[in-house]
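Reader: I would like a close look at one part of this model, the shell around the ligand. Please put that part in the setting of the whole fold, and take the helix packing along the way.

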Amino acid sequence: MSQPLRQPVHSTLDLIGNTPLVEINHVDTGRCRLFVKLESQNPGGSIKDRIALSMIEAAEQSHKLKPGGTIVEATAGNTGIGLAQVGVLKGYRLLLVVPDKMAREKIEHLRALGAEVVVTRSDVGKGHPDYYQDKAKKLAAGLPHSYYINQFANPANPAAHERTTAPEIWEQMEHDIDAVVVGVGSGGTLSGIGRYMKRVSPKTKMVLADPEGSVLAPFIKTGEMIEAGSWAVEGIGEDFIPPNADLSLVAEAYSISDKDSIDAARLLLSREGILAGSSSGTLFAAALRYCREQTEEKRVVTLVCDNGNKYLSKVYNDYWAFEQGIHKRTLKGDLRDVISTRFESGGA
Ligand code: PMP
């Protein structure tokens with residue numbers, strides 16, 4: 001065992017953050033050294049535990065949240081799990097509005113944590129009464145002792161990453177980072193890490209990994225808002241620009257297809273033994289693309305945003321990939337070879 005033994009802690013709240021960093025050694029990363037930060041090892045299984053704690057503590061301090069109150073949120077699942085995880089220990093009730101494309105396992109996890117889950121449509125945009133954010137806002141307005149915590153505009157979201165995620169990366173990378181590859185759901189990760197790096201390491205570039213169909217990467221490249229499409233990857237990509245997403249921090253942006261995201265997530269598992277969610281696949285695919293474009297040696301970091309356990313019936317299920325049109329046929333048995341060959345030839 002190469003790591004020092006961890007001391008006992010008071011509660012799982014003390015286990016949020018301080019996540020490990022692993023170097024990618026079994027995939028071709030071009031001239032880069034590529035590292036992934038395992039946010040999947042937070043107690044709720046995702047990067048969102050950090051913002052859940054930060055947003056709840058900020059709401060307690062400003063008296064927006066009182067003992068026994070109800071937290072209302074619109075979430076792709078992980079923020080909800082983080083909030084419920086913290087809520088269990090702090091005694092808050094949870095009412096969550098989740099779009100119906102999200103993995104069943106996330107919804108079951110939320111319900112097991114005692115949260116009330118309202119599942120709504122994934123196929124409608126801002127302004128529609130069934131749109132998950134509008135619905136959450138409306139539910140909160142009609143519920144006494146409730147607080148709509150709103151990760152998309154809550155400053156305690158990016159602040160959590162500026163205060164914890166970014167300095168951890170900075171220390172773990174020994175103060176030498178050329179690029180950080182992130183996705184944007186609420187924009188908290190981008191803005192928090194981006195602001196910190198701008199201050200302490202101006203050479204560090206923020207690179208956006210965005211699903212094909214999302215408006216963010218096209219907006220960064222052209223300044224134009226496209227009409228949003230749809231994508232299977234969960235937790236990143238947007239049909240609007242969240243107030244918490246400071247896109248001016250982005251130096252380079254990649255649009256990544258569902259297929260490349262899924263293939264990259266599977267590669268991360270089959271080569272490095274890291275079981276990650278779909279958004280981590282998008283980030284890993286973009287990081288590989290960025291790394292392989294570099295002509296000089298670089299040190300690059302990306303994130304494993306959440307644990308792949310909740311996607312076993314999707315990302316890691318050949319039949320699901322086939323049904324989604326992501327893989328042309330079920331590639332049972334030889335899937336690993338097909339994916340490896342494609343990535344090894346620089347196809348990612
Ligand atoms: N990955 C996953 C799996 C997520 O659930 C989210 C947040 N919805 C993100 C990445 C994006 O992080 P952020 O909200 O900080 O932009």
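Author: First, the classes used below. Ala, Val, Leu, Ile, Met, Phe, Trp, Tyr, Cys and Pro count as nonpolar. Asp, Glu, Lys and Arg count as charged. The others are polar, and Gly is among them.

This is a predicted model. Start with the ligand. It is surrounded by 18 residues. Which of them are the closest? They are Gly185, Ser186, Thr189, Gly235 and Cys305. How does the shell divide by class? It has 11 polar residues, 4 nonpolar and 3 charged.

One of the closest residues leads on to a helix pair. Thr189 is among the closest to the ligand, and Thr189 of H6 is also part of the contact between H5 and H6. Helix H5 covers residues 156-172, and helix H6 covers residues 188-200. Their axes lie 7 Å apart, at an angle of about 55°. H5 and H6 are therefore oblique to each other. Their crossing is right-handed. On the H5 side, the contact includes Pro158, Ala159, His161, Thr165, Ile169 and Trp170. On the H6 side, Gly188, Ile193, Arg195, Tyr196 and Met197 are among the partners. By class, this contact has 11 nonpolar residues, 7 polar and 2 charged.

Now two helix pairs earlier in the chain. Helix H1 spans residues 48-61. H1 packs on H2 at an angle of about 50°, with the axes 8 Å apart. These two are therefore oblique to each other. H1 passes H2 in a right-handed crossing. From H1 come Lys48, Asp49, Ile51, Ala52, Leu53 and Ile56. The H2 residues they meet include Asn78, Ile81, Leu83, Val86 and Lys90. The contact of H1 with H2 divides into 7 nonpolar, 4 polar and 3 charged residues.

H2 has a second partner, H3. Helix H2 runs over residues 78-90, and helix H3 over residues 104-112. The angle between them is about 20°, and their axes are 9 Å apart. An angle under 35 degrees counts as roughly parallel. H2 and H3 are therefore roughly parallel to each other. Their crossing is left-handed. What meets what here? Gly80, Ile81 and Ala84 of H2 meet Lys106, His109 and Leu110 of H3. These divide into 3 nonpolar, 2 polar and 1 charged. Ile81 takes part in the contact with H3, and Ile81 is also in the contact with H1.

Last, the whole fold. The protein has 11 helices and 10 strands. Its radius of gyration is 19 Å, close to the 20 Å that the globule rule gives for 348 residues, so the protein is as compact as a globular protein of that length. Along the principal axes, its C-alpha atoms fill a box of roughly 60 × 45 × 45 Å.

Note on methods. Residues numbered from 1 in each chain as written. Predicted model: local features only at pLDDT ≥ 70, side-chain atom pairs only at ≥ 80, totals over all residues. Axes fitted to C-alpha atoms, helices over the stretch in contact; angles between N-to-C directions. Helix = DSSP H or I, 4+ residues; strand = E, 2+ residues; numbered from the N terminus. Parallel < 35°, antiparallel > 145°, perpendicular 65-115°, else oblique. Left-handed = near helix turned anticlockwise from the far one by under 90°. Contact = placed C-beta atoms within 7 Å. Near = placed C-beta within 6 Å. Rg over C-alpha atoms; globule rule 2.2 N^0.38 Å.
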